[in-house]
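Please open the structure in your viewer and keep the sequence beside it. This tour proposes a series of selections and states what is found at each one.

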Amino acid sequence: VQTVRVLTERNRQLQKTNDELKAAQEQLREKERMERELEVAAEIQLSILPDVLPVNSTVFEGTDASGNRQVNAHLPWSNGSIYWDCGNDGGGYDRIDKAASPEEYEGQWTHWAFTKNAATGMMKIYRNGNLWHSGSGKTKAMRIERMNIAGNIDKQLSYFGRLSQFCIWNAELDSAAIRNWALSTSAFACRGSASSRRSTSGFS
């Protein structure tokens, strides 16, 4: 009788293990199916969207109460360069810019971070968690009263792409924080999502 009970319990455990294995296999198949659907969607999107970049574009712009530009990023401009403007004393704004290749701003999800420290005078642009460009002597303070995302304030310029996790911080993030944010947060959970010939970006 004891032997029968032991065998019955073992059979029950084996059946439970088998059921759990089947459920795990089904979850894996579902995950693979969804990943394939995303790949197909990306291929379709890439085939139907026009290759518009580089073109005059603005991904965000903020102004003060007097309408002076306080923050702005062209990603990119029609010359293929990326511009980061920040801080304005009423007589003009601080700017850094750098020529970029099309592979750097289109066709895939890319994490961008733009920082400024008016005390140190440093302005920086990070791409995928790595310092991409910087400039010094940029000490003009910033005060943002109005803000527009995916275009400029007067809506004459647009952003030709997709955005995810747009964040604004009230202090400069250091390189380690930006790298961690770019690589470990939900901003990059979209890395495998559909992208296009247009720019696709996550921001900090």
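The tour begins with the whole chain and then turns to individual side chains.

**The whole chain**

This is a predicted model, in which local features need pLDDT of at least 70, side-chain atom pairs count only at pLDDT 80 or more, and totals for chains, interfaces and linings use all residues. Residues are numbered from 1 along each chain as its sequence is written, and side-chain values use heavy atoms, with hydrogens and water left out.

Display the chain as a cartoon. Its secondary structure comprises 3 helices and 10 strands; helices (H or I, at least four residues) and strands (E, at least two) are DSSP runs, numbered from the N terminus. Followed from the N terminus, the order of elements is α-β-β-β-β-α-β-β-β-β-β-α-β.

Next, switch on the surface. About 11,600 Å² of the chain is exposed, and carbon and sulfur atoms supply 50% of that area; such areas come from the Shrake-Rupley method with a 1.4 Å probe, and for residues only the protein chains shown count as cover. Of the 204 residues in the chain, 36% are buried. Here buried means under 20% relative accessible area, exposed over 50%, and partly exposed in between (1.4 Å probe, protein chains only).

Contacts (heavy atoms within 4.5 Å) can be considered as well. Among those between residues at least 6 apart in sequence, 59% join residues at least 24 apart.

**The aromatic rings**

How many aromatic pairs does a search of the whole structure find? The search gives 7 aromatic pairs. Rings of Phe, Tyr and Trp (its six-membered ring) pair if their centres lie within 6.5 Å; planes under 30 degrees apart count as stacked, over 60 as edge-to-face and the rest as tilted.

Select Phe60 and Phe166. Their ring centres are 5.5 Å apart and their planes stand at 70°, so this pair is edge-to-face. Phe60 belongs to strand 1 (residues 60–63), while Phe166 is in the loop between strand 9 (161–164) and helix 3 (175–184), so the pair ties together parts that are 106 residues apart in sequence. Phe60 is buried, at 6% relative accessible area, whereas Phe166 is partly exposed at 24%.

Now select Trp112 and Phe114. Here the ring centres are 6.4 Å apart and the planes lie at 20°, so the pair is stacked. Trp112 and Phe114 are both buried.

Add Trp84 and Trp132 to the selection. Ring pairs link Phe60, Trp84, Trp112, Phe114, Trp132 and Phe166 into a cluster. Then show Lys98, whose charged end sits over the ring of Trp132, 4.5 Å from the ring centre. A charge sits over a ring if NZ of Lys or CZ of Arg is within 6 Å of the ring centre and within 35 degrees of the ring normal.

**The salt bridges**

A salt bridge is a side-chain nitrogen of Lys or Arg within 4 Å of a carboxyl oxygen of Asp or Glu. By this rule there are 11 salt bridges.

Start with Glu30 and Arg33, whose side chains meet in a salt bridge (2.3 Å, N to O). Both residues lie in helix 1 (residues 2–48), 3 residues apart, which is about one turn of the helix. Glu30 is partly exposed at 31%, and Arg33 is partly exposed at 38%.

Move to Asp85 and Arg95, which form a salt bridge with the closest N and O atoms 2.6 Å apart. Asp85 lies in strand 3 (residues 81–88) and Arg95 in strand 4 (residues 93–99), so the pair ties together parts that are 10 residues apart in sequence. Is Asp85 buried or exposed? Asp85 is buried, with 0% relative accessibility, while Arg95 is partly exposed at 27%. Add Glu61 and Arg69 to see a network of salt bridges linking Glu61, Arg69, Asp85 and Arg95.

Then select Asp89 and Lys140, a salt bridge whose closest N and O atoms are 3.8 Å apart. This pair links distant parts of the chain: Asp89 is in the loop between strand 3 and strand 4, and Lys140 is in the loop between strand 7 (130–135) and strand 8 (146–149), 51 residues apart. Asp89 is exposed at 55%, and Lys140 is partly exposed at 23%.

**A last selection**

Finally, select Arg162 in strand 9 together with Val59. These two residues are 103 apart in sequence and 9.9 Å apart in space, C-alpha to C-alpha. Arg162 is partly exposed, at 37% relative accessibility.
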